[in-house]
Amino acid sequence: MPGVFITLEGPEGSGKTYQIAALSDCLRQQGYDVLQTREPGGTAIGDQVRAILGNLENTAMRPRTEILLFQASRAQLVEEVLRPHLESGGVVVCDRYADSTLAYQGYGHGFDLEQLRSLIDFATGGLKPDLTLLLDVDVREGLRRKTRGGEWNRLDAYAVEFHERVRRGYLEMARQDPQRWVKVDAAQPPEQVQAVLREIVLSRLAERG
Ligand code: TYD
């Protein structure tokens with residue numbers, strides 16, 4: 001596929017949302033045909049799935065159901081939006097993708113990584129990112145940012161341990177595949193993080209011509 005597929009991953013409070021918007025703006029200014037999207041969601045059907053996942057009334061939602069809903073949203077996004085954009089030579093910048101399933105449902109909740117990989121493979125038809133930017137931040141710092149200045153210790157210990165596993169999962173995946181992953185220290189001021197991301201992405205895009 002001639003396009004370039006970039007994903008942003010990271011634990012809660014890593015600042016992905018701001019960073020991805022600023023990065024997309026920069027790439028557009030450089031003349032790239034950029035599609036910015038996110039998971040779950042990114043299509044009309046995917047946004048309905050996102051609403052089911054996010055509905056606090058769905059307390060009966062089973063973990064396996066949740067896993068499959070993430071894959072359903074992803075399958076729709078890949079076929080409806082990502083593949084066509086990449087085939088036309090564009091750049092895709094996606095806020096979370098399959099690695100979120102491995103980090104959260106796999107490393108975080110303990111589901112078998114091989115089983116998850118085969119579900120992901122089915123959902124995506126094997127579409128993998130060319131570059132994955134990991135915005136890494138200390139778990140307590142991230143959760144503190146997420147609760148807008150609240151004390152981290154208001155969150156129960158389970159939440160902290162769960163997010164520690166998620167973070168370790170990300171770091172492990174990044175270590176195993178250094179060709180695809182680049183880890184960025186997201187504890188730096190946002191403008192500095194943005195400058196680092198731009199440098200990495202622009203040099204990757206230049207390499208690919
Ligand atoms: P979102 O509101 O987009 O949060 P964030 O700004 O942190 O990306 O919610 C996405 C949540 O869903 C986030 O907690 C990570 C989780 N998630 C999974 O557990 N598995 C997945 O496959 C995906 C895509 C997301």
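# A tour of two pockets and three helix pairs

Start by selecting Pro40, which sits in the loop between E2 and H2. You are looking at a predicted model, so keep that in mind at each stop. Show the backbone here and look at the bond that leads into the proline: the peptide link from Glu39 to Pro40 is cis, and its omega is near -15 degrees.

Next, jump to Arg96, in the loop between strand E3 (91-95) and H4. Which sign does phi of Arg96 have, positive or negative? The value is near 75 degrees, so to speak on the positive side, in a residue other than glycine.

**The largest pocket**

Keep Pro40 and Arg96 selected and add Glu12, Tyr104 and Lys146; of the lining residues, these five lie nearest the centre of the largest pocket. Both of your opening stops, then, belong to this lining. Turn on a surface to see the space itself, with a volume of about 900 Å³. In total, 31 residues line the largest pocket.

Now colour the elements that contribute. Helix H1 (16-29), strand E2 (34-38), helix H2 (44-54), helix H3 (63-87), helix H4 (98-108) and helix H7 (157-176) each give at least two residues to the lining. If you colour that lining by residue class, you will find nine nonpolar, twelve polar and ten charged residues.

**H2 against H3**

Two of those contributors, H2 and H3, make a good next selection. Their axes are 8 Å apart, and the helices pack at an angle of about 160 degrees. Angles over 145 degrees count as roughly antiparallel, and H2 and H3 are therefore roughly antiparallel to each other. The crossing of H2 over H3 is left-handed.

Show side chains to see who meets whom. From H2, pick Ile45, Gly46, Val49, Ile52 and Leu53; from H3, pick Glu66, Leu69, Phe70, Ser73 and Gln76. By class, this contact of H2 with H3 holds six nonpolar residues, three polar and one charged.

**H1 against H8**

Go back to H1 and add helix H8 (residues 190-207). The axes of H1 and H8 come within 10 Å and cross at roughly 45 degrees. That angle makes H1 oblique to H8, and the crossing is right-handed.

On the H1 side, select Tyr18, Gln19, Ala22, Leu23, Cys26 and Leu27. Facing them from H8 are Pro190, Val193, Gln194, Leu197, Arg198, Val201, Leu202 and Leu205. How do the residues of the contact of H1 with H8 divide by class? Eleven are nonpolar, two are polar and one is charged.

**H4 against H5**

Move on to H4, another contributor to the largest pocket, and display it with H5. The two helices pack at an angle of about 150 degrees, with 10 Å between their axes. That makes H4 roughly antiparallel to H5, in a right-handed crossing.

For the contact, highlight Ala98, Thr101, Leu102, Gln105, Gly106 and Tyr107 in H4, then Leu113, Leu116, Arg117 and Ile120 in H5. Six residues of this contact are nonpolar, three are polar and one is charged.

**The second largest pocket**

Leave Leu102 and Arg117 on screen and add Asp99, Lys128 and Arg180. Of the residues lining the second largest pocket, these five lie nearest its centre. Leu102 and Arg117 thus appear both here and in the contact you have just left.

The second largest pocket holds about 320 Å³ of space, and 17 residues line it. H4, helix H5 (113-124) and H7 each supply at least two of them. Which helix gives the most to this lining? Select H5, which provides four residues. To finish, colour the lining of the second largest pocket by class: eight residues are nonpolar, three are polar and six are charged.

Note on methods: Residues numbered from 1 in each chain as written. Predicted model: local features only at pLDDT ≥ 70, side-chain atom pairs only at ≥ 80, totals over all residues. Heavy atoms only, no water. 1 Å grid on protein atoms, 1.4 Å probe; cavity = no way out; pocket = protein on both sides within 12 Å on 5 of 7 lines; lining within 4 Å. Points joined across faces, edges and corners; volume = space filled by probe spheres on them. Nonpolar A, V, L, I, M, F, W, Y, C, P; charged D, E, K, R; others polar. Axes fitted to C-alpha atoms, helices over the stretch in contact; angles between N-to-C directions. Parallel < 35°, antiparallel > 145°, perpendicular 65-115°, else oblique. Left-handed = near helix turned anticlockwise from the far one by under 90°. Contact = heavy atoms within 4.5 Å.
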